[in-house]
Protein chains: 2
Amino acid sequence: MFGDMDEVRIIEIKKSVFENNDKDADRLRSELKERGVFLLNLMSSPGSGKTTTLISALNMLKDRLRIAVMEADIDSDVDARKIKSATGIGTVQLHTGGMCHLDAEMTRQGLESLDLRETDLVILENVGNLVCPAEFDTGSCCNVMILSVPEGHDKPLKYPLMFSICDVVLINKIDVAPYFDFNMDECIANIRMRNPGAKVMPVCAKTGEGVGAFADWLLTEVRRWKNNN
Amino acid sequence: MFGDMDEVRIIEIKKSVFENNDKDADRLRSELKERGVFLLNLMSSPGSGKTTTLISALNMLKDRLRIAVMEADIDSDVDARKIKSATGIGTVQLHTGGMCHLDAEMTRQGLESLDLRETDLVILENVGNLVCPAEFDTGSCCNVMILSVPEGHDKPLKYPLMFSICDVVLINKIDVAPYFDFNMDECIANIRMRNPGAKVMPVCAKTGEGVGAFADWLLTEVRRWKNNN
């Protein structure tokens, strides 16, 4: 499925005609359900720690699930290489050609490069952006976002849609909280205002603190998805 | 021009038909040139410190220039209130109605709410987003972006357009550099790769370190713009 450890496949994603992305996303989700593949869509601002959090979680899960990763970026293959070398997990880099988000058809283009018969969990690391990715259903089985402490606790007030569509909000970089004017209680209250049902998990991707709880949650969700098959 | 100190005007921006945004932006720039008004477009990821940097710079400039601020956000008026209460400068909040960027026509809608006869410098704080705002010329006289230390030195590799269209890159939150794996030399090399002519200025908006150099640069640019009138 994947060649040399140093090699990362780069897929140039083509712009799709989103006549009805919601319908297309529902169709993709049904197909994934039939095949017993769980697709997680991970979103955040640039630099809030998506890749580092993934590496930490993947190393906890890789002996229990068959995993593949799709890294979406406008340019570069920095993240795909990082994930592959730190976890050994098969990773493809999706180049969006300047586009600010992925939709269901673009996600499908990435999935077609994977061997889904050998995969329980696919993680899509979306383009770093708190606005546009929230507007396009990728066909994922769940949406997870990361808000990092340095970004500030007021972000749910300014980017309402992103916070309202996510099942889980990871609050990352809690190790540096003493150096920032970050109020965790206020942050959680702001998230709850947008999305009362969201699970909120404080983590530190660098040290692994809290990532175990996220990995456990994800393992349960993937198994539930497969068992309901 | 502006009423009660506690009051912040909120303008709901209407979506424009960007048939030819580049032409419209050039037209707006010419009009601003004729009126001797300098428009600065400030961009960054969410939470990299646009508002705090502005407050620090505005307090250094407000006795030397007549300034107005336009704060663009999808929702909330948190930033406009902050700017107004910390600097006393007239500030309007532009609500983009979910849109991820401003174009020239949307910027014009904001400018129409200001008294430009009484203004030397207008600062537009764009929506927090490293992708879409880079694609739309707002008609500004210069583009400035902020990259903060916690976001990481690899961002110019992943968001090429934003770094290539900015005249100035402020590297903010240098006070917390010891707590992050941030390599300043590598960061500057990555910026130079995208934009050899960009001015790079390390700052700490919280303490004001380095902000004086940026304020001095801006004062010179505004005066040059007016004198060439």
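# A guided tour of chains A and B

Begin by selecting Ser148(A) and Glu151(A), whose side chains are joined by a polar contact of 2.6 Å. The model on display is a predicted one.

**First stop: the surroundings of Ser148(A)**

Keep Ser148(A) selected and show the secondary structure of chain A: the residue belongs to strand β6, which covers residues 142–148. Is Ser148(A) buried or exposed? Its relative accessible area is 2%, and because buried means under 20%, Ser148(A) counts as buried.

Next, add the residues that Ser148(A) touches. Setting aside residues up to four places away in sequence, these are Ser48(A), Asn172(A) and Lys173(A). Asn172(A) merits a distance label: along the chain, 24 residues separate Asn172(A) from Ser148(A), yet their C-alpha atoms are 4.5 Å apart.

**Second stop: Ser76(A)**

Move now to the loop between β3 (67–73) and α3 of chain A, and select Ser76(A) there. This residue is not a glycine, yet its phi is positive, at about 75°. Ser76(A) has a relative accessibility of 15% and therefore counts as buried.

**Third stop: the interface of the two chains**

Display both chains together. How many residues of chain A are in contact with chain B? There are 34, and they meet 34 residues of chain B. The area buried between the two chains is about 2600 Å², with carbon and sulfur atoms giving 58% of that area. On the side of chain A, select Pro46(A), Lys158(A) and Tyr179(A): these residues lose the most area to chain B, and together they account for 23% of what that side buries.

Then turn to the charged pairs. Six salt bridges are found across the interface of chain A and chain B. One to inspect is that between Lys82(A) and Asp154(B), in which the closest N and O atoms are 4.0 Å apart. The interface also holds eight residue pairs in polar contact, both residues being at pLDDT 80 or more.

To see which helices of chain A take part, select α3 (78–87) and α5 (155–158); each supplies at least two residues of the side that touches chain B. Colouring that side of chain A by residue class separates 15 nonpolar, six polar and 13 charged residues.

**Fourth stop: helix α2 of chain B**

Select residues 50–61 of chain B, which form helix α2. What span should its twelve residues have at 1.5 Å a residue? The expected value is 16 Å, and the end C-alpha atoms are indeed 16 Å apart, so the two agree.

Nine of the twelve residues of α2(B) are buried, and the helix is therefore largely enclosed by the rest of the structure. The buried residues are Lys50(B), Thr51(B), Thr53(B), Leu54(B), Ile55(B), Ser56(B), Ala57(B), Leu58(B) and Leu61(B).

Within this helix, centre the view on Thr53(B). Thr53(B) is buried, with a relative accessible area of 2%. Apart from neighbours within four places in sequence, Thr53(B) is in contact with Ile146(B), Leu170(B), Asn172(B), Ala205(B) and Val211(B).

**Last stop: Lys173(B)**

Finally, select Lys173(B), in the loop between β7 (168–172) and α7 (184–194) of chain B. Although Lys173(B) is not a glycine, its phi is positive, at about 65°. Its relative accessible area is 11%, so Lys173(B) is buried.

How values were computed. Residues numbered from 1 in each chain as written. Chains lettered and ligands numbered in written order. Predicted model: local features only at pLDDT ≥ 70, side-chain atom pairs only at ≥ 80, totals over all residues. Heavy atoms only, no water. Contact = heavy atoms within 4.5 Å. Buried area = accessible area lost by both parts, 1.4 Å probe. Salt bridge = Lys/Arg side-chain N within 4 Å of Asp/Glu carboxyl O. Polar contact = N/O pair within 3.5 Å; in protein donor to acceptor, adjacent residues only side chain to side chain. Helix = DSSP H or I, 4+ residues; strand = E, 2+ residues; numbered from the N terminus. Nonpolar A, V, L, I, M, F, W, Y, C, P; charged D, E, K, R; others polar. Buried < 20%, exposed > 50% of the residue type's maximum accessible area, 1.4 Å probe, protein only. Expected span 1.5 Å × (residues − 1).
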